Amino acid sequence: MPLEAGLLEILACPACHAPLNDRTAADTPELICTSPDCALAYPVRDDIPVLLVDEARRP
C-alpha cells in the first residue's frame, strides 16, 4: 500500500536528508533515497517506514 503523498513529502533520508522514492507497492516495500551517493533502501513494515540507517539495505 503506497504511503500518503503528504507523508512522503516530509520524509527524508536520515543519512543524507535527500527525498525518498516510494517503492511500497513492490513485493518488498521500501523507501529509496534519491541521492546517488547514498541510495539507501529503508524497509516499510506493516505500513510503517523504518527510517533507521542500521536497518537500511545498502545499494
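**Reading a four-strand sheet and its cysteines**

User: Which residues of strand E2 point one way, which the other, and are they buried or exposed?

Analyst: In strand E2 (residues 30–33), Glu-30 and Ile-32 point one way. Leu-31 and Cys-33 point the other way, and all are buried. Buried means under 20% relative accessible area, exposed over 50%, and partly exposed in between, with a 1.4 Å probe and protein chains only. Strands (E, at least two residues) and helices (H or I, at least four) are DSSP runs, numbered from the N terminus.

User: What model is this, and how are its values taken?

Analyst: This is a predicted model: local features need pLDDT of at least 70, side-chain atom pairs count only at pLDDT 80 or more, and totals for chains, interfaces and linings use all residues. Residues are numbered from 1 along each chain as its sequence is written, and side-chain values use heavy atoms, with hydrogens and water left out.

User: How many strands form the sheet, and in what order?

Analyst: Strands of a sheet pair through backbone hydrogen bonds, either parallel or antiparallel. Two strands count as paired if DSSP finds at least two bridges between them. Here 4 strands form an open sheet, ordered E1-E2-E3-E4, with antiparallel pairing. E1 and strand E4 (48–49) stand at the edges with a single partner strand each, so one side of each lacks a neighbour in the sheet.

User: How many bridges join each pair, and which residues stand opposite?

Analyst: Strand E1 (residues 20–23) joins E2 by 4 bridges. Asn-21 stands opposite Ile-32 there. E1 and E2 form a hairpin, with 6 residues between them. E2 joins strand E3 (residues 41–45) by 3 bridges, and Ile-32 stands opposite Ala-41. E3 joins E4 by 2 bridges, with Val-44 opposite Pro-49.

User: Where is Thr-24 found? Which side chain does it contact?

Analyst: A polar contact is a pair of N or O atoms within 3.5 Å; within protein, one must be able to donate a hydrogen and the other to accept it, and residues adjacent in sequence count only if both atoms are side-chain atoms. Thr-24 is in the loop between E1 and E2. Its relative accessibility is 6%, so Thr-24 counts as buried. The side chains of Thr-24 and Asp-22 share a polar contact of 2.6 Å.

User: How many disulfides does the structure hold?

Analyst: A disulfide is a covalent bond between the sulfur atoms of two cysteines. The cut-off is a pair of cysteine sulfur atoms within 2.5 Å. This structure holds 0. For Cys-16, the closest cysteine sulfur is in Cys-33, at 3.4 Å, too far for a bond. Cys-38 is in no disulfide either; the nearest cysteine sulfur, that of Cys-13, is 3.7 Å away.

User: Are Cys-16 and Cys-38 buried or partly exposed?

Analyst: Cys-16 has 31% relative accessibility, so Cys-16 counts as partly exposed. Cys-38, at 14%, counts as buried.
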